[in-house]
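Colleague: Before I use this model in my own calculations, I would like to go through the terms applied to it and hear what stands behind each of them. Could you show it first?

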Amino acid sequence: MSERVLRGIGVSPGLAYGPAMVVDWRFPDVPDRGIGPDQVDAEILRLRSAVEQVVRHLETLRQRVRERAGAEESNIFEAQILMARDPEFIGACEHLIRKNLLSAETAYEFKALEVRVAWSGTGNMRLRERLADLSAVQIRMLRVLLGEQDDELELSQPDGPVVIVAHELSPGLTVQLDRDRLAGLVSEEGTRTSHAAILAHSLGIPAVMGVSDALSHVRTGTVLLIDGSSGNVLLDPDPADLREASTQVSRRRKLELEVESVADLPSETPDGRRVQLMANVDLPEEIDLAVRSGAEGVGLVRTEFMLTGRTMLPSEDDQADYFRRVATAFPRYPVTIRTYDLGGDKFPVAFEAPVEANPFLGWRSIRVCLDHPEVFRPQLRALLRGAVHQNLRAMLPLVTRVDEIRRTRAILEEEAQLLARAGIPAAATIPLGIMMETPAAAVIADRLAQECDFFSVGTNDLTQYTLAVDRGNARLASRFTPQDPAVVRLLKQVMDAARAHGIECGVCGEMASEPLTAVLLIGLDYTSLSIAPPSLRLLKWLIRQIPYSACRAAAHEALDADGPAEVDAILKHHVSPHVDLRLVDPHGPLPARGART
Ligand code: PEP
Ligand code: MG
């Protein structure tokens, strides 16, 4: 790859072009400063007033986020406010001021370092999330104590559309930037599930994260062209690059018009194969777009996102309300609620979790839920209550064993009886399906099919576990592909097992949202795809262009291929007679909403 291209993870689609604005959202230098005994009281007052100032600032941010992005996202600041006010932490700083005669900023830095050392080096994602909050609070506190300017406020008024480049993006910075003056975001840290990435996506800001060497290549003023889909960041694009990007934009506009024209038509191939297109819902804000885009139900609600930034688990009532709300939006279609997929990289502050060397191979998903009935049971009760008039289904993540389904079913039955006995309106039962996202489950799919009502393949994890490639590791990004024949063969095996036992089997991993791999899935006889709402219309348009016979031929050849490159070539060979490949290659710079070229 050219030296002008930095590679990261595309976390929010769209093409952005503009000069970089490097945000040094890093720890300020704190001079080691001692104080005299007569200054102790004044220094403690200074510390307390800095805390008040930072908390006020965070509360303002919370309010702004609530107005711009909704209440859910604004919860992100709750953890930081609690941390800023933490009496134990502040008490320890005051102790250092008093006993060691340190200045307020030196004491604060010292205490933060102590906490950081205790939390670091664990590899535990939950603690990493808390570390990010600690960093954000520490930087604010030190800046106030040192009398420095607050970048975030300065940056809310940049001169023109800029691409913000930072080591790590704070959610505060992400949400309060004026959308009209912001072209895109790039950061060295962060993955798709980091707070700032989730926010950038729901706000429609193109963003690339995990660009590990961004700050050593980019200076303020360096012109950048970033692609929030492929994760490419192009430095100093030349006129030819810009012409290509602008051609992409025009091509995309033309495509958008074509895509609009099929909005009210069924998602059906030219030779009559019907494919049900459902939506994945991560945040409540996506429900609307999913409905407007014609989703035929919801194939995946990621309930763990209800916990993002929260310090407390949502109540049973909150959950029942949310489930009803999604179900009501799709009265004629199934709505699939996945039980908490906690663990891996998703341990929010609200949940105490042990430190583990390999969190993705550890205490995750259904394992956590079965070990914590006080968390699992209220969620299942909420599902039963929500299902009373609605078409809700429950889905279990990361299943590897038959007994995980049986134990859940037993709990569901018990809770249904308890609800009935208490006279609380609730469904007596609810369809129970599982995510097919481990090789173990795929291998025993025939057995699992006898225990549950439907399968949905989680190709993100299935790819990760089958290929032994960490899905969040930017260095291995080229190896992480569901086009690998090993994954393709498992997909066929799972579909065969589901069919043999007469249960429904769909796909809800990202593979279903990407045009080429969606073709492969249709060829493997998957007829229910659950995808990110912004991709729904494009997918429908694509399905209407490519005959099932071509999908089928491609899948047939892919099963015999030697490697992912060959599968890619096979897919392109079969797709190219029907659509312009430049429109469907996820690794080319495909601009979406918000392109600025
Ligand atoms: C998957 O693994 O493909 C999936 C849909 O679940 P998640 O991405 O939430 O792990
Ligand atoms: Mg998964």
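Modeller: This is a predicted model, and its protein chain holds 24 helices and 16 strands. Of the 597 residues in the protein chain, 57% are buried, and among the contacts with a separation of 6 or more, 70% are accounted for by residues 24 or more positions apart.

Colleague: What makes E437 and D461 the protein donors of the magnesium ion (ligand 2)?

Modeller: A donor has to be an N, O or S atom within 2.8 Å of the metal. The OE of E437 and the OD of D461 lie 2.1 to 2.2 Å from the magnesium ion (ligand 2), so both meet that criterion. Because water is not among the atoms, a site may look incomplete. Both E437 and D461 are buried, a term that stands for under 20% relative accessible area.

Colleague: Why is the pair E437 and D461 said to tie together parts that are apart in sequence?

Modeller: E437 belongs to the loop between β13 (432-436) and α17 (439-443), whereas D461 sits in helix α19 (residues 459-467), and the parts tied together are therefore 24 residues apart in sequence.

Colleague: Why are α19 and helix α20 called oblique to each other?

Modeller: Their axes come within 10 Å and cross at roughly 125°. Since that angle falls neither in the range of 65 to 115 degrees for roughly perpendicular nor over 145 for roughly antiparallel, α19 and α20 (residues 485-500) are therefore oblique. The crossing in which α19 passes α20 is right-handed, and the contact is made by T459, L462, T463, T466 and L467 of α19 together with A486, V487, L490 and L491 of α20.

Colleague: In what order do the eight strands of the open sheet stand, and what makes β1 and β2 its edge strands?

Modeller: The order is β1-β8-β7-β3-β4-β5-β6-β2, with mixed pairing. As for the edges, β1 (5-7) and β2 (9-12) each pair on one side only. Neighbouring strands of this sheet are turned by 30° against each other on average, direction ignored. Helix α11 (residues 239-261) packs on the sheet, where it touches β3, β7 (223-227) and β8 (232-235), and its direction makes about 125° with that of β3.

Colleague: How do you know that β4 pairs with β3 and with β5?

Modeller: For two strands to pair, at least two bridges are needed between them. Strand β3 (residues 15-23) shares four bridges with β4 in the parallel sense, and β4 is joined to strand β5 (residues 182-187) by five bridges, also in the parallel sense, so the requirement is met on both counts. In β4, I164 has M21 opposite it and also stands opposite L185 in β5, while V163 has G184 of β5 as its bridge partner.

Colleague: What makes strand β4 mostly covered?

Modeller: Five of the five residues in β4 (residues 162-166) are buried. On one side these are V162, I164 and A166, and on the other V163 and V165, which leaves both faces covered.

Colleague: Which residues of strand β16 point one way and which the other, and how does β16 pair with β9?

Modeller: In β16 (residues 528-531), S528 and S530 point one way and L529 and I531 the other way, and all are buried. Strand β9 (residues 276-281) pairs with β16 in the parallel sense over four bridges, and the bridge partner of Q276 in β16 is S528.

Definitions and conventions. Residues numbered from 1 in each chain as written. Chains lettered and ligands numbered in written order. Predicted model: local features only at pLDDT ≥ 70, side-chain atom pairs only at ≥ 80, totals over all residues. Heavy atoms only, no water. Donors = N, O, S within 2.8 Å, 3.2 Å for Na, K, Ca; no water. Helix = DSSP H or I, 4+ residues; strand = E, 2+ residues; numbered from the N terminus. Buried < 20%, exposed > 50% of the residue type's maximum accessible area, 1.4 Å probe, protein only. Axes fitted to C-alpha atoms, helices over the stretch in contact; angles between N-to-C directions. Parallel < 35°, antiparallel > 145°, perpendicular 65-115°, else oblique. Left-handed = near helix turned anticlockwise from the far one by under 90°. Contact = heavy atoms within 4.5 Å.
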